[in-house]
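This report is an introduction for a reader who has not yet looked at this protein. Please keep the sequence and the model in view while reading.

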Amino acid sequence: MSVTVRVPAKVNVQLAVGGARPDGFHDLANVFLAVGLYDEVTVTPAEELRITCTGPDAAQVPLDRTNLAARAALELARRYDLDPAVHIHIAKDIPVAGGMAGGSADGAGALLACDALWGTGASRGELLDICAELGSDVPFSLVGGAALGVGRGEQLRALEVGGTFHWVFAMAERGLSTPAVFREFDRMNEGVRIPEPVASQELFDALRKGDSDALAAAVSNDLQPAALSLFPALADTLAAGRAAGALAALVSGSGPTTAFLAPGAESAKTVAEALLASGTCRSVRVTESPAPGATVL
Ligand SMILES: C[C@](O)(CO)[C@H](O)COP(=O)(O)OP(=O)(O)OC[C@H]1O[C@@H](n2ccc(N)nc2=O)[C@H](O)[C@@H]1O
Ligand SMILES: Nc1ncnc2c1ncn2[C@@H]1O[C@H](COP(=O)(O)OP(=O)(O)OP(=O)(O)O)[C@@H](O)[C@H]1O
C-alpha cells in the first residue's frame, strides 16, 4: 500500500524582515501565497528508510537523512514509537534552492503521507508543530492557500483570497542559499535600526478582492536587495519581465527565482515568452494562485 500527497510551491507577496534575533532567525511579516507548481511525495512500506527523487532538478536533492522528507518521517515515527522504514519517492517539479519552498513542500508532504500510512491519529495542531520544527516555511506548505506568517514565519493566520492571480516564474541558472541571503541582509543593514516587520493592510485587501493591480502595487520583499547583491544578473530578468507587461516583478522569497504578476492568462504567456527570449533565465513556468495545501491523492 502507498500514499501519495501533492504539495504546492509558494511565492511571498510580502516579506518584511526585522533585525536578527539572538537565535539567529529574523522576525518576519511573511505573506505566503501557494502557487500551482507541485511536488508529489509517495510513501510505501519498505525494509528501511530510503529516498528517491525524479524531476529536472533531482540531481541537486540530497537523498540522505538531511532531506526534509526523511526528517519529517523520522520525527513522526519517533513521536509515535513507530519504525520509520518507508520508501519516500519525490516527484519534483518545484525548482530546488529557488526560494519557492521546495524542500519545505517535501517535508510537509512526507509528514502527511506517513501520517496517513501509519494512521497515527495526530491532530492538525501536532502536525503543524512538527512542520515548524522542520523549518520556517514548512507549516505553510501543509496549509496552502494564503496566510500571514509571523515569528520566524511559522505562526500562521489564514488569509482570504477572492480571485485568481496569474503568475510567471523565471528559474535562474544557479541556486541561492537561504541562510546566505539572510546573512547578506544583515551585512547590508549593519548599523541601521530595522523597524518591526508589519504586514500591509493594502495587500490583505488586494488578496481579498482578487485585485491584481492592487496586489501589484502592494507586493514587497525586504530580501530582494540582498538577493540582488549576491546575484546581480537577476536585475536583468526583473527588467525583462516588466518590459513585457508584468504588473509586478519581484524576487520570490530568498530567490533566485523571480516572480511576475500578469493581468491575465494570455498576458502571462506573453511575459513568459519574452522572458525566455531575453536569455536572462534558465526556464519559465506559468501558473495560478491560490493553490490548495498538502493533499492526499
Ligand atoms: C525566505 C523564506 O523562504 C520566506 O518564506 C523563509 O523565511 C525561509 O524559510 P526556510 O527555508 O524554511 O528556513 P529555515 O530552514 O527555517 O531556516 C534556514 C535559515 O534561514 C535563516 N532564517 C530563516 C527564517 C527566518 N525567519 N529568519 C532567518 O534568519 C536562518 O539563517 C536559518 O538558519
Ligand atoms: N526534499 C528536498 N528537496 C530539495 N532540497 C532539499 C530537500 N531536503 C533538503 N534539501 C536541501 O535544502 C536546500 C534548499 O532547497 P529548497 O529547494 O528547499 O530551497 P528553497 O526553495 O530556496 O527554500 P525556501 O524557499 O524554503 O527558502 C537544498 O539545496 C538541499 O540541500
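Helices, as the word is used below, are DSSP runs of at least four residues, numbered from the N terminus. The model described here is a predicted one.

## Helix H1 and the residue after it

With that definition in hand, the reader can turn to the end of helix H1, where Asp81, just after the helix, takes a positive phi of about 55 degrees. Helix H1 itself covers residues 68-79, and because each residue should add 1.5 Å, its twelve residues should span 16 Å, which agrees with the 16 Å between its end C-alpha atoms.

Which residues of H1 are buried? They are Leu68, Ala69, Ala70, Arg71, Ala72, Ala73, Glu75 and Leu76. These buried residues pack against three strands, S2 (26-45), S3 (50-54) and S4 (86-91), and also against the helices H2 (102-118) and H3 (124-134).

## Thr120, in the loop between H2 and H3

Thr120 is found in the loop that lies between H2 and H3. A residue is buried if 20 or more other C-beta atoms lie within 10 Å of its own and exposed if 12 or fewer do, so Thr120, with 16 C-beta neighbours inside 10 Å, counts as partly exposed.

Setting aside the neighbours within four places in sequence, Thr120 is in contact with Leu76, Tyr80 and Asp115. One of these, Leu76, is 44 residues from Thr120 in sequence, yet the C-alpha atoms of Thr120 and Leu76 are 8.6 Å apart in space. Leu76 is also among the buried residues of H1.

## Two domains and their contact

The domain assignment divides the protein into domain 1 (3-159) and domain 2 (165-289), and the centres of domain 1 and domain 2, taken over C-alpha atoms, are separated by 22 Å. The contact takes 29 residues from domain 1 and 35 residues from domain 2. On the side of domain 1 that touches domain 2, the elements giving two or more residues are S1, S2 and strand S5 (146-150), and the residues of that side divide into 20 nonpolar, eight polar and one charged.

The UniProt record, an unreviewed entry, places the feature "domain: GHMP kinase C-terminal" at residues 204-276. Over residues 204-276 the chain is 58% helix and 15% strand, with end C-alpha atoms 32 Å apart.

## The surroundings of the two ligands

Around ligand 1 there are 19 residues, of which the closest are Gly135, Ser136, Asp137, Arg152 and Pro179. The elements that give two or more residues to this shell are strand S1 (3-20), S2 and helix H5 (178-188). The shell around ligand 1 divides into six nonpolar, eleven polar and two charged residues, and at least three residues come from each of domain 1 and domain 2.

Which residues come nearest to ligand 2, among the 21 around it? They are Ala101, Gly102, Gly103, Asp106 and Thr178. H1 and H2 each supply at least two residues of the shell around ligand 2, and H2 gives the most, with four residues. The residues of the shell around ligand 2 divide into nine nonpolar, ten polar and two charged, and at least three of them are drawn from each of domain 1 and domain 2.

Technical notes
Residues numbered from 1 in each chain as written. Chains lettered and ligands numbered in written order. Predicted model: local features only at pLDDT ≥ 70, side-chain atom pairs only at ≥ 80, totals over all residues. UniProt positions renumbered as here; feature names shortened; annotations may be inferred. Expected span 1.5 Å × (residues − 1). Contact = placed C-beta atoms within 7 Å. Near = placed C-beta within 6 Å. Nonpolar A, V, L, I, M, F, W, Y, C, P; charged D, E, K, R; others polar. Domains from an automatic or database assignment.
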